[in-house]
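Work through the exercises below with the model open. Try each task before reading its solution.

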Amino acid sequence: MTTPLSGYASEIYLQGLGGGRPAFTTDATALEALAKESIEPGPFWYTAGAAGSGATARANRDAFDRWRIVPRMLTGATHRDASTSLFGAALPAPVLTAPVGVQGIMHPDGELAVARATAALGLPMILSTVSSHPLEDVAAANGDGTRWFQLYWPNDDEICASFLERAKNAGFSALVVTLDTWLLGWRPHDLDAAYLPFLSGQGLATYFTDPVFRAQLAKPPEEDLMAAVGAWLPKFTGGDHTWENLAFLRAHWDGPIVLKGIQHPDDARHAVDAGMDGIVVSNHGGRQVDGAIASLDALPGIVDAVGDQVEVLFDSGIRTGADVLKAIALGAKSVLVGRPWVYGLALGGQDGVTHVLRSLLADLDLNLALSGHRSLADLTRDSLRLR
Ligand code: FNR
């Protein structure tokens, strides 16, 4: 029998016999405060911040708090199986790392550290378009791991096709198209500090190594950084697309395509009609629309609408193992986790990411066990009650 995911708790207690302690907290809800003490305000608030008054980010957390788990007894949950699969890849638990841009502001290893940590744990990673390391380098660090590429859909078809080609060649197996960020939301923390790392060329490694993008520049980014940033900006932002445009992506990507940012059942139905393979029910961690519906509140209606036709993934607000359990019980196939491991990256590089993810998986396993669920299939809406 393999070691259960909760074995991480035993490891920690045993280390304690020799005086050892975890490098930093196992309490995912305390990571933000810890990171705040450790990193510069600009990168910290870029990560922790949200749109406008923060109402959406708070709503995301409130929604998790409203749902409560109803523990069941004597179900024989000695051995649990948290595994699942997505598009043919086996996962030890229904958890992926969300695409998070410009990770170099948190730690110099950035996406390379996450690529190594996730590969070792067998969890898929989703690499942002706006990464601090070129997608090929992240793929090399990820080795045999499962990796998906997240697309911020460029306002330039040739650059877009080039990114898809490169991602395919580098072994990214699924494409995640983020629909909710064709403009950046109103983010007071970043605005007050006039902090946007992309404007100093950070997070643009995949753009700056792209042959099509480079061919459009009078001088390469190494020689004229500001001109390259100026050329990048209108390619990246300011242009929305329509459902019809998805045909272009389908024509240039032969693997699964997942639409990220869905919050309405009708948009989920549009995704099905457009031949998409999955969706991520997400409000971008509350970073885009202020006063939006909690992503968890959007989930059940969307599952009812399309859950039997596409893979329904979820993110925005997941912090603990119990949160993962709740999202799965409400019909998500898997969840994406954002800020917690980003704080782990800032606090300890690859080891920090590993610690946060192992803590989450162990917490999930223990909550499954103690609430009497032996597998993800046992989790249904009857596992929860609304407060
Ligand atoms: C993000 N997110 C994001 N999403 C995306 O599709 N591409 C990206 O480059 C980024 N970048 C990014 C940076 C930072 C600092 C954060 C916090 C988030 C959104 C991310 O994928 C995910 O939707 C949210 O982070 C989920 O919410 P939680 O888990 O952070 O609450």
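The place of Ala194 is in the loop between helix H8 (188-192) and helix H9 (205-208). Helices (H or I, at least four residues) and strands (E, at least two) are DSSP runs, numbered from the N terminus. This is a predicted model: local features need pLDDT of at least 70, side-chain atom pairs count only at pLDDT 80 or more, and totals for chains, interfaces and linings use all residues. Residues are numbered from 1 along each chain as its sequence is written, and side-chain values use heavy atoms, with hydrogens and water left out.

**Exercise 1. Backbone at two loop residues**

Task: Find the sign of phi at Ala194 and at Leu74, then state whether each residue is buried or exposed.

Solution.
- Step 1: Recall the background. Most residues other than glycine have a negative phi.
- Step 2: Take Ala194. Its phi is positive, about 45°, although it is not a glycine. Ala194 is exposed, at a relative accessible area of 70%. The cut-offs are under 20% for buried, over 50% for exposed, and partly exposed in between (1.4 Å probe, protein chains only).
- Step 3: Take Leu74. It lies in the loop between strand E1 (67-69) and strand E2 (84-86). Its phi is also positive, near 50°. Leu74 is exposed, with a relative accessible area of 90%.

**Exercise 2. Two more loop residues**

Task: Decide whether Trp186 and Ser383 are buried or exposed, and list what each one touches.

Solution.
- Step 1: Locate Trp186. It sits in the loop between strand E7 (174-178) and H8. Its relative accessibility is 62%, so it counts as exposed.
- Step 2: List its contacts (heavy atoms within 4.5 Å). Neighbours within four places in sequence aside, Trp186 meets Ala50, Ala51, Gly52 and Leu191.
- Step 3: Locate Ser383. It belongs to the loop between H16 and strand E12 (384-386). At 3% relative accessibility, Ser383 is buried.
- Step 4: List its contacts. Residues up to four places away in sequence are not counted; Ser383 touches Arg68, Ile69, Val70, Ala329, His373 and Asp378.

**Exercise 3. The nonpolar cores**

Task: Which residues touch the most other members of the largest nonpolar core?

Solution.
- Step 1: Fix the term. A nonpolar core is a set of buried Ala, Val, Leu, Ile, Met, Phe, Trp, Tyr and Cys residues joined through side-chain atoms within 4.5 Å.
- Step 2: Read off the answer. The largest core has 103 residues, and Ile279, Leu299 and Phe314 touch the most other members. Helix H16 (residues 339-370) gives the largest share of this core, 12 residues.
- Step 3: Note the other core. A second, separate one has 12 residues, including Leu86, Ala98, Val176 and Val280.
- Step 4: Inspect Ile279. Beyond four places in sequence, its contacts include Val258, Leu259, Ile262, Ala268 and Glu311.

**Exercise 4. The whole chain**

Task: How does the radius of gyration of the chain stand against the globule rule?

Solution.
- Step 1: Count elements. The chain has 16 helices and 12 strands.
- Step 2: Apply the rule. The radius of gyration is taken over C-alpha atoms, and the rule is 2.2 Å times the number of residues to the power 0.38. The radius is 20 Å, close to the 21 Å given for 387 residues, so the chain is as compact as a globular protein of that length.
- Step 3: Add burial. Of the 387 residues, 54% count as buried.
- Step 4: Check contact range. Among contacts with a separation of 6 or more, 74% come from residues 24 or more positions apart.
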